[in-house]
Amino acid sequence: GSFFILLLLLHLNCKFVVFKNNIILALVLIIVGNLSFGIGSSFIVIFNGVFLGNVLISVFNKYGVNPLITGILPHVFPEMIALLMAGSISLETQKFIYNIRHVEIRYIKLRYSLYFFILLTCLLILAALIESRLNIKL
C-alpha cells in the first residue's frame with residue numbers, strides 16, 4: 001500500500017519538477033525579452049534550438065532513431081511551441097519603442113499576451129505530463 005503511494009507521489013513530483021523548470025524558462029524568456037527589447041529572448045530561443053539540435057544528433061548517432069521517436073519528440077513539440085510563444089510575448093516591448101519614435105501609434109494588446117500565456121502554460125503542462133510519463137517508462 002505505502003509503496004504505491006510513494007510511487008504516485010514520486011510520479012506527481014516528477015511532473016511538477018518538469019513543469020516548474022519549463023515555466024521558469026518561459027518566464028525568463030518573457031522578462032529577459034522585455035528588458036532587452038526582444039534581443040535576449042531571441043538569443044535564448046536560438047541557443048535552445050542549437051542545443052536541441054545537438055542533443056538530437058548525438059542521440060541519433062549513438063542510439064538510432066527509436067529513442068528520438070519514443071523519448072524526445074513526443075514532448076518537444078508542445079514545449080517548443082510554448083517557448084516560442086513566450087518569446088513572442090517578449091517582443092511586445094518593441095511596440096513601446098515604436099510608439100515613442102513615431103506619430104502613428106501601434107496598439108499594445110495585453111489581452112492577447114495574457115491569452116498566449118494561458119495557452120503556453122497549458123502546452124507546458126501537456127509537455128510535462130508527456131515527458132514525465134515517458135521518463136517513468138524508460
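**Group meeting: a pocket and a helix pair in a five-helix chain**

The largest pocket in this structure has a volume of about 320 Å³. Before I go on, please keep in mind that this is a predicted model. The pocket is lined by 15 residues, and those closest to its centre are Phe 51, Leu 52, His 75, Glu 79 and Met 80. Three elements each give two or more residues to that lining: helix 1, which is 2–35, helix 2, which is 39–63, and helix 3, which is 66–90. Which of them gives the largest share of the lining? That is helix 3, with six residues. Sorted by class, the pocket lining comes out as nine nonpolar, four polar and two charged residues.

Now the chain as a whole. There are five helices and zero strands, so reading from the N terminus the order is simply α-α-α-α-α. The chain has 138 residues, and 32% of them are buried. If you take the contacts between residues at least 6 apart in sequence, 74% of those join residues at least 24 apart.

Next, one helix pair. In general, two packed helices are described by the angle between their axes and the distance between the axes. For helix 2 and helix 3 the angle is about 175°, and the axes are 11 Å apart. The two helices are therefore roughly antiparallel to each other; the cut-off for that word is an angle over 145 degrees. On the helix 2 side, the contact is made by Ser 41, Val 45, Asn 48, Leu 52, Val 55, Leu 56, Val 59, Phe 60 and Tyr 63. On the helix 3 side, the residues are Pro 67, Leu 68, Ile 72, Val 76, Met 80, Leu 83, Leu 84, Gly 87 and Ser 90. By class, this contact has 14 nonpolar and four polar residues, and no charged ones. Two names on these lists, Leu 52 and Met 80, you have heard already, among the residues closest to the pocket centre.

Stay with Gly 87 for a moment, which lies in helix 3. Is Gly 87 buried or exposed? Its relative accessibility is 9%, so Gly 87 counts as buried. Setting aside neighbours within four places in sequence, Gly 87 is in contact with Leu 29 and Ser 41. There is also a distance to mention: Gly 87 and Ser 42 are 45 residues apart in sequence, yet 6.8 Å apart in space, C-alpha to C-alpha.

Now to helix 1, and Asn 22, which lies in it. Asn 22 has 9% relative accessibility and so counts as buried; the limit for buried is under 20%. Apart from neighbours within four places in sequence, Asn 22 is in contact with Glu 79, Leu 83, Leu 124 and Glu 131.

Glu 131 sits in helix 5, residues 110–137. At 18% relative accessibility, Glu 131 counts as buried. What does Glu 131 touch, not counting residues up to four places away in sequence? The residues are Val 18, Asn 22, His 75 and Glu 79. His 75 and Glu 79 are also among the residues closest to the centre of the largest pocket.

Phe 19 is another residue of helix 1. Not counting residues up to four places away in sequence, Phe 19 touches Thr 121, Leu 124, Ile 125 and Ala 128. Phe 19 and Glu 79 are 60 residues apart along the chain, and their C-alpha atoms are separated by 9.8 Å.

Last, a backbone point. Most residues other than glycine have a negative phi. Phe 37 has a phi near 60°, a positive value in a residue other than glycine. Where is Phe 37 found? It is in the loop between helix 1 and helix 2. With 43% relative accessibility, Phe 37 counts as partly exposed.

To recap: the pocket of about 320 Å³ takes the largest share of its lining from helix 3, and helix 3 is roughly antiparallel to helix 2. That is what I have.

Methods. Residues numbered from 1 in each chain as written. Predicted model: local features only at pLDDT ≥ 70, side-chain atom pairs only at ≥ 80, totals over all residues. Heavy atoms only, no water. 1 Å grid on protein atoms, 1.4 Å probe; cavity = no way out; pocket = protein on both sides within 12 Å on 5 of 7 lines; lining within 4 Å. Points joined across faces, edges and corners; volume = space filled by probe spheres on them. Helix = DSSP H or I, 4+ residues; strand = E, 2+ residues; numbered from the N terminus. Nonpolar A, V, L, I, M, F, W, Y, C, P; charged D, E, K, R; others polar. Axes fitted to C-alpha atoms, helices over the stretch in contact; angles between N-to-C directions. Parallel < 35°, antiparallel > 145°, perpendicular 65-115°, else oblique. Contact = heavy atoms within 4.5 Å. Buried < 20%, exposed > 50% of the residue type's maximum accessible area, 1.4 Å probe, protein only.
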